[in-house]
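Please work through the following exercises with the sequence and the model side by side, and try each task before reading its solution.

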Amino acid sequence: MSMLYRRLVRPVLFSMAGGDAEAVHERTLAMIERVGASPVLRRLVRLALDRRGEPVRVAGIDFPGRVGLAAGMDKDGRAVLAWSALGFSHAELGTVTAGAQPGNDRPRLFRLPASEAIINRMGFNNAGAEVLARRLVTAGVWRGNGVAGMPIGISLGKTKITPLERATEDYLISYRLLAPHADYVAINVSSPNTPGLRTLQEAGALRDLLSAIRSAGHFRPVPVFVKVAPDLTEDALEELLGVCTECGVSGLIATNTTLARDGIRYADLGLAAETGGLSGAPLTRRARAVVAFLTERTTLPVIGVGGIMTADDARAMFDAGAALVQLYTGFIYAGPGLIRAIDKRRSGTLVGRGRRTIATGSRREESS
């Protein structure tokens, strides 16, 4: 499946719209959205891809497999009903902000094919939290009801024009609108494309933000994950872990894109100077190292994301301690066959087929 995608489908996709990466993204998302809108198409796609994942419980959430869609692919939840049919075990919508915003000027998305990488400086372009909430209401997606066929996470970010001193208020607007629809909420304080955002990873600012979200008031508290940057030092990661533990978060997502430019091949050096976050194969080792660092020092579950381009990359991420993995750039370069390949490789490493549990506060996996 992946080879067919690489040889036949990907060249067509990459050449659409004159090769404009963002235009291709928009057209592809529109096609996937149409799949989501049709129960018949969803069933046909699901049958064609023959998905068989390994059920697992992480942070109290039941996932039908280990491979999810990372934030950034479907910012406004347009294809929320389609992602399960493509084989994903969960989809993280967003990143969404309290206010609608156009994002940074185009061009802002660049493919580096020789390096199997992407540079983006999108800048949280999205229609806003209220629009996403209305779309999820229309689709009938509410926390825990399974309408999307899998758990739905929602990544929250800061509106660009909101001053940093009012960031907590900005996140809370989005949280209150979207928490009823989310199986978990991801707090994105690690994108490099919103000025000053990464300063919210610092202990004081992060503590204020997480404490406010924890106190926002829901009858059933929504699991909260914090998404971290791959560029943090070990001391900064240790400090962040302390705050997350203190504030009772449910888990971590590691990592976001990187500002580093290591691992870019010669053919792509002309694009390496573009500003923005780098994802894909050059990030593989660093993302895995961050996941290993975190899982050695915390009992919180970690979702591994960054540079997962093959089933072997995913296997190494699981070996590093990740409870789940997420794809974005790997999905673009390898297609939906990568999901199945990871599921098959993961299942082949396990003894038995029972449900497994990775609960907050425990690093053990238990069959049940």
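## Exercise 1: Backbone angles in two loops

Ala59 sits in the loop that joins β1 (56–58) to β2 (61–63). This is a predicted model, and the values below are computed from it.

Task: State what is notable about the phi angle of Ala59, and decide whether Ala59 is buried or exposed.

Solution. Begin with the backbone: Ala59 has a positive phi of about 55°, although it is not a glycine. Turn next to accessibility, where buried means under 20% relative accessible area. Because the relative accessibility of Ala59 is 10%, Ala59 counts as buried. Then take Glu116, in the loop between β5 and β6 (117–120), which is not a glycine either and has a positive phi of about 50°. Since its relative accessibility is 22%, Glu116 counts as partly exposed.

## Exercise 2: Cis peptide bonds

Task: Find where the peptide bond from Gly94 to Thr95 and the peptide bond from Arg106 to Pro107 lie, and give the omega of each bond.

Solution. Take the bond from Gly94 to Thr95 to start with: this bond is cis, with omega near 10°, and Thr95 belongs to strand β4. Continue to the bond from Arg106 to Pro107, which is cis with omega near -5°, while Pro107 is placed in the loop between β4 and β5 (109–112). Arg106 can then be followed to a contact, as Glu22 touches Arg106, Arg108, Leu109, Met122 and Asn125 when residues up to four places away in sequence are not counted. Glu22 itself is found in helix α2 (residues 21–37), and with a relative accessible area of 4% it is buried.

## Exercise 3: An annotated serine and another serine

Task: Locate Ser191 and Ser89, and work out for each whether it is buried or exposed.

Solution. Start from the record: an unreviewed UniProt entry places the feature "active site" at Ser191. In the model, Ser191 lies in the loop between β8 (184–188) and α6 (203–214). Its relative accessibility is 6%, so Ser191 counts as buried. Leaving aside neighbours within four places in sequence, Ser191 is in contact with Phe124, Leu197, Arg198 and Asn256.

Move on to Ser89, whose place is in the loop between β3 (67–69) and β4 (90–96). At 0% relative accessibility, Ser89 counts as buried. Its contacts, again without neighbours within four places in sequence, include Arg51, Phe63, Arg66 and Met150. Finally, Ser89 and Glu54 are 35 residues apart along the chain, and their C-alpha atoms are separated by 9.2 Å.

## Exercise 4: Two packed helices

Task: Describe how helix α5 (residues 167–178) packs with α6, and name the residues that make the contact.

Solution. Two packed helices are described by the angle between their axes and the distance between the axes. For α5 and α6 the angle is about 30° and the axes are 10 Å apart. Angles under 35 degrees count as roughly parallel, and therefore α5 is roughly parallel to α6. The crossing of these two helices is right-handed. On the α5 side the contact is made by Thr168, Tyr171, Leu172 and Tyr175, and on the α6 side by Asp208, Leu209, Ala212 and Ile213. Sorted by class, the contact of α5 with α6 has six nonpolar residues, one polar and one charged.

Note on methods:
Residues numbered from 1 in each chain as written. Predicted model: local features only at pLDDT ≥ 70, side-chain atom pairs only at ≥ 80, totals over all residues. Heavy atoms only, no water. UniProt positions renumbered as here; feature names shortened; annotations may be inferred. Helix = DSSP H or I, 4+ residues; strand = E, 2+ residues; numbered from the N terminus. Buried < 20%, exposed > 50% of the residue type's maximum accessible area, 1.4 Å probe, protein only. Contact = heavy atoms within 4.5 Å. Axes fitted to C-alpha atoms, helices over the stretch in contact; angles between N-to-C directions. Parallel < 35°, antiparallel > 145°, perpendicular 65-115°, else oblique. Left-handed = near helix turned anticlockwise from the far one by under 90°. Nonpolar A, V, L, I, M, F, W, Y, C, P; charged D, E, K, R; others polar.
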